[in-house]
Each structure stands twice: as structure tokens, then as C-alpha cells.
Amino acid sequence: MPHTPSHPSHGSLTIGDSYVPTSGNGGYTVSSYDLDLDYRVANNRLAATAVITATATHELTRFSVDFCGLVATRVTIDGVAPSKLVESARKLTITPAKTIPAGQEFVVTVRYGGSPRPVRSPWGELGWEELSEGVLVASQPSGAPSWFPCNDHPSDKASFRIRIAAESSYSVLANGRLVSKVRRASRTTWTFETVEPMATYLASIQIGVYRELVLSRVPVPQTVLAPASVMARAQKDFADQEKMLALFERSFGPYPFGEYSVVVADDDLEIPVEAHGFAVFGRNHIDGLGGSERLIAHELAHSWFGNSVTATTWKDIWLHEGFACYAEWLWSEESGGPTVHRLAHQHWARLSHLPQDLTIGDPGPEKMFDDRVYKRGALTLHALRVTLGDDAFFELLSSWATENRYGNVTTEGFYLHARDRSSVDLDALFESWLFSERLPVLPR
Ligand SMILES: [Zn+2]
């Protein structure tokens, strides 16, 4: 993990990812977050306690956590108040009463509260967002500190338990398995647990006046949460999701998590967003005519690429988006639409008329969500498929997803994984598709 501490015993205030220069923290890794949230939808008031279990990667006289827009009222380290605590715009900087030795596990407890609001970022407003009737959380890449203190970087995955109390008239969804739901008078407490390690940007809560519909129970429960007025259309639009999941299991290996839900917010959203174990769509994405089928496939595919197999740094985002885009094309062919081959050539032709001024393997923070990263990332996979042949290519995808399940990966790692399975030299292919600006010719 790259970090450059200002003092050998200080955890650095950033993790060293130039795409998110203020996010993440050095000096420790987190193994679990236990979040206890008491929330009032009516006036957007949050009172919460976060218990963070971490391990020092070197001796720590001081360390920081990402935290934004809320107020910490009490902090302890292993039950003891710190000797110094500084809350700045994006960080809580904590000087523990006693130096934490390298390798030691420690528990940070933060009691905090306020009116959560989105974090401003170069990619717009991220994190906790009030809806007209509820809450939506979409944090990619740096919005998680809008609702809990954390080491906000995808390279530091942890298990989560999220407990949230809200008015009983609302449905609540968080990541993982619902382990309990207790109604007391006007308030209901929901507790969710993830067993698999999760990146902070994928931690999410959805609150709304939703009905619930079970789409399928195999291989994992698949549910839709949607406003009553949208449910009939949603049921039609998500009808094929079970078949998509079966196709992706054949292509990428077993579905990595214990459940998959889709939420349709009662507001319009610019784009759907993925979370760990679910995805969120806007009501504008639901037409009852399958108009968003491509997006439904895309979000589901992120379960394998992004949510389970996660880029170590944001420059490698094509390992999420290129793969999810390729999954859209696989579904198109499977469902009787245009074939992968045809879509690849169509998108290649489109890209050939667009500026060729970014590298897919390091597009720069302002272009990390550029559609060209998505499409050319998918075309990189298609070039690999044509070069390797179908059998080797699909073995490559499923072994990549399986061997790196719940882990962190890099483009370099993917190159080595592919090279080990190829009898031909792949250097020129990776170099031209990922690290030169000019669009290469698609191999035939
Ligand atoms: Zn995506």
C-alpha cells in the first residue's frame, strides 16, 4: 500500500491514490465496520456510532479516518479517549493516548451525528442523498465519508454490519443479508451483515416507500424494491434478470454474493449505480418495455467485476467498467439481439470518430467515468477473445473472477493472468489497447 508518512510513526493522511488525492489513510487496514445508525427521514437527522476494527501496519502515534459533513461527539481507541482529536473538512485526525505498535489490532469507536449530505467531488455530489421520499446512497468513488467514518479506498476492504433504525413506514435496504428486523411502535430497526469483504464506496443504504417482489430464489434470492406505482413495469423489465445471472455464472463463475436486489428509487436518476449485493435504478429507467435491459445486465455484471474483484487503485477502473460493458454485449447476443461481434464492430466504428486522447489503463481522474473507457475496455476484451479463441478467453474470465474473488486486482495482474494462458505474445495487444491513445484495429 503506497503511503508516505510525514513522520515514521504517523499514519499518512492519504493512501496515495492520485485519482482521489484526499481519500484513504495510511498506517492501518480495517477488518470490520460495525455501524449503528438512528435516522429520521422526516428531518434528515442521523445519530450514529461506528466501531472500526483495524490493524496497525506500522507503529502509530497518530492516524486519520475519512469523515465529511458530520460531527464526531465522542471518539475512543480501545475504550480510551485520544490525547488529541482534530476534525477537519474531510478527516478526523486522532492521536491515541498510547502509541499503537505495528501489527496490533485496535478498535476505534466514533459517536457522531448531524444532517448527512452529499460530498462535493470532481464527479458531482456523492454519498448520502435525500430523495423526495427517502434516502439514496451512491458513493463511487469518494462519497462514503458522508455517512460513516472510514478508510475510504477500494484497496482496504472490510466486513460490515449495518444496523439502522428509521420510521416504520419506510423500507430499508443495506448491503448483505438482512439478519433482523424489529418493529417497535413507530420505528423499525433493520440489521444487515456482509460476510464478504466490501469496499467502502459500495457500502450503501436505500430508504423509501417500497414494495418488495421476489423475482427468483435460485441460485440466490433476487428481489425488486420499488414504489407501488412502478412495480408492474419493474416486474416486466427485470423478468429476464434471472437468465442474465445464469449466463454470467456460465461465463464468469458462480455469483459471488448471497443475494441480489434491485431498487427502483421514486426519483429520476442520471445513471443506475451498483452497490455490494444490489443495484439502484431511477424510475426513469423503468418503462415496462425492457428499455434499460442493457443497464440491468451492466449493473448485475458489476457483482463479479467491481464488487467482488475490485481494482486496487482507481486508474484501473476499466477492470470494472470494460468488463461490465462486455457483459452487456454477451447478454445482447444471448437474448437474441445483436451479437457481440456486431456490437464490437459498431462501437469500434463509433470510437474511431471520437477524439483518441485518453489511455484506458490510466485515463486520469476527470475521465475515469468517460464512456470511451467503458467501450474501449470492452473492446480490449473482445480483441483478447479473438486472439485467444473462445475456450481460452472464457476460461480466462472465469478463472480471473474466481481466483481474485473478494480481492483487489491491477491491470498488471490481469496481463500476467492472460499471459499465463496464452501461447501468443500479448504485449502488443495490451500496450496498444490500454496504454496508447490511438484506437487499434480490431483483430479478426
Ligand atoms: Zn458500471
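Is glutamate 321 buried or exposed? In this predicted model, glutamate 321 has a relative accessibility of 2%, and because buried means under 20% relative accessible area, it counts as buried. Keeping this residue in view is a helpful way into the structure, since it leads to a metal site.

The zinc ion has as its protein donors His298 and His302, each through NE2, together with Glu321 through OE, and these lie 2.0 to 2.1 Å from the ion. Along the sequence, the donor residues follow the spacing H-x3-H-x18-E. Histidine 298 belongs to helix α3 (residues 293-301) while glutamate 321 belongs to helix α4 (residues 318-334), so this pair ties together parts that are 23 residues apart in sequence.

The unreviewed UniProt entry annotates His298, His302 and Glu321 as "binding site". Although they span 24 residues in sequence, no two of their C-alpha atoms are more than 8.5 Å apart, so the residues gather at one spot. His298, His302 and Glu321 also belong to the lining of the largest pocket.

Turning to the two histidines, histidine 298 is buried at 5% relative accessibility, and, setting aside residues up to four places away in sequence, its contacts include Glu321, Ala324 and Tyr374. Histidine 302, by contrast, lies in the loop between α3 and β21 (310-311), and it is buried with a relative accessible area of 0%. Beyond its neighbours within four places in sequence, histidine 302 is in contact with residues including Glu274, His320, Glu321 and Ala324.

For the wider setting, the unreviewed UniProt entry lists residues 243-433 as "domain: Peptidase M1 membrane alanine aminopeptidase", a span that is 51% helix and 8% strand, with its end C-alpha atoms 31 Å apart.

Technical notes. Residues numbered from 1 in each chain as written. Predicted model: local features only at pLDDT ≥ 70, side-chain atom pairs only at ≥ 80, totals over all residues. Heavy atoms only, no water. UniProt positions renumbered as here; feature names shortened; annotations may be inferred. Helix = DSSP H or I, 4+ residues; strand = E, 2+ residues; numbered from the N terminus. Donors = N, O, S within 2.8 Å, 3.2 Å for Na, K, Ca; no water. Buried < 20%, exposed > 50% of the residue type's maximum accessible area, 1.4 Å probe, protein only. 1 Å grid on protein atoms, 1.4 Å probe; cavity = no way out; pocket = protein on both sides within 12 Å on 5 of 7 lines; lining within 4 Å. Contact = heavy atoms within 4.5 Å.
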